Every structure is written in structure tokens, then in C-alpha cells.
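Biologist: Could you walk me through a structure and show me how to read its features?
Modeller: Gladly, let's take a look together.

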Amino acid sequence: QVQLVESGGGLVQAGGSLRLSCAASGRSFRNFAMGWFRQAPGKEREYVATINWPGGLTRYAERAKGRFTISRDNPKNTVYLQMDSLRPDDTAVYYCAARSAPTASTREEGYDYWGQGTQVTVSS
């Protein structure tokens, strides 16, 4: 089992930045690809960014490109999502997910473990 705990969410003004963290515990982080997803009120959950193991390959949803950066610190079993130039439509609950394979997936179904989510609210 892998437990994932997100942190770093909060309220920020449009144009501001936040850095989300996701700490993994319970078993080795090794060979796990990681992803960030989000769910806005009334909408389905969508993928934001993914990173493979050990971290040389990243992918971003179109709406995240150029503004968000996913990274991982493997010795710390932690993955990050740096979010810059935030917009009101980035408001959502952000979820961290772990996949029991080194290659990442942009599909929810590809992930085996999920965190509880952290709320990000961007005011205009």
C-alpha cells in the first residue's frame, strides 16, 4: 500500500503562485510514476501533469503548459506541482496519484493510489 498526502493548497489571487506537495509513504517510491489531477466544482476530474520514474519525462495538459511544473524528489518520496500565473479557472481540488509502473499515464484508470486532495482557490 501507498499512502499519499497532499499539502500546499489555499487561497491565492489571480496571477499568484502555489506549490503543492505530495508525500508518499507505506512502501518504496521506486518505480512509481506520479500524476496530478484536479476536479473543479460540477466537473469531472482531469489530468494536469505527470512524471515518470525516476523523473526525466514530464507531460502537461494544454491548460497547464508554461504555467505549471511537476517535479519529484525521490529520496524524500515527494512529488511537487509548482503553479504560477494562476487563474480563477484553476480553482479545483488537486489530487496526487501514484501508478505502479515507471511510465506515466494521463488517464485516471492508470493510477493505483490517490491522495485525499487539497483545495486550491484562485480569486479574481
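We go through a sheet, a buried arginine and some aromatic rings in turn.

Modeller: Please keep in mind that this is a predicted model.

Biologist: How are the strands of the open sheet ordered?

Modeller: Strands of a sheet pair through backbone hydrogen bonds, either parallel or antiparallel. Here four strands follow the order E1-E3-E8-E7, with antiparallel pairing. Strands E1 (3-7) and E7 (68-73) are the edges: each has a single partner strand, so one side of each lacks a neighbour in the sheet. From one strand to the next, the twist averages 15°.

Biologist: How many bridges join E1 to E3?

Modeller: Five bridges link E1 with E3, which spans residues 18-25. One bridge to look up is that of Gln3, whose partner in E3 is Ser25.

Biologist: Now Arg67, please: is this residue buried or exposed?

Modeller: The cut-off for buried is under 20% relative accessible area. Arg67 has 10% relative accessibility, so it counts as buried. Arg67 belongs to the loop between strand E6 (58-60) and E7, and its side chain reaches the backbone oxygen of Arg63 at 2.8 Å. Beyond its neighbours within four places in sequence, Arg67 contacts residues including Gln82, Asp84 and Asp90.

Biologist: Which residues form the aromatic cluster?

Modeller: Phe37, Tyr47, Tyr111 and Trp114 make up one cluster, and the structure has five aromatic pairs. Over the face of Trp114 lies Arg45, 3.9 Å from the ring centre.

Biologist: And which ring does the charged end of Arg72 sit over?

Modeller: That is the ring of Phe29, with the charged end of Arg72 at 4.5 Å from its centre.

How values were computed
Residues are numbered from 1 along each chain as its sequence is written. This is a predicted model: local features need pLDDT of at least 70, side-chain atom pairs count only at pLDDT 80 or more; totals for chains, interfaces and linings use all residues. Side-chain values use heavy atoms; hydrogens and water are left out. Two strands pair if DSSP finds at least two bridges between them. Helices (H or I, at least four residues) and strands (E, at least two) are DSSP runs, numbered from the N terminus. Axes are lines fitted to C-alpha atoms, for helices over the stretch in contact, and angles run from 0 to 180 degrees between N-to-C directions. Buried means under 20% relative accessible area, exposed over 50%, partly exposed in between (1.4 Å probe, protein chains only). A polar contact is a pair of N or O atoms within 3.5 Å; within protein, one must be able to donate a hydrogen and the other to accept it, and residues adjacent in sequence count only if both atoms are side-chain atoms. Contact means heavy atoms within 4.5 Å. Rings of Phe, Tyr and Trp (its six-membered ring) pair if their centres lie within 6.5 Å; planes under 30 degrees apart count as stacked, over 60 as edge-to-face and the rest as tilted. A charge sits over a ring if NZ of Lys or CZ of Arg is within 6 Å of the ring centre and within 35 degrees of the ring normal.
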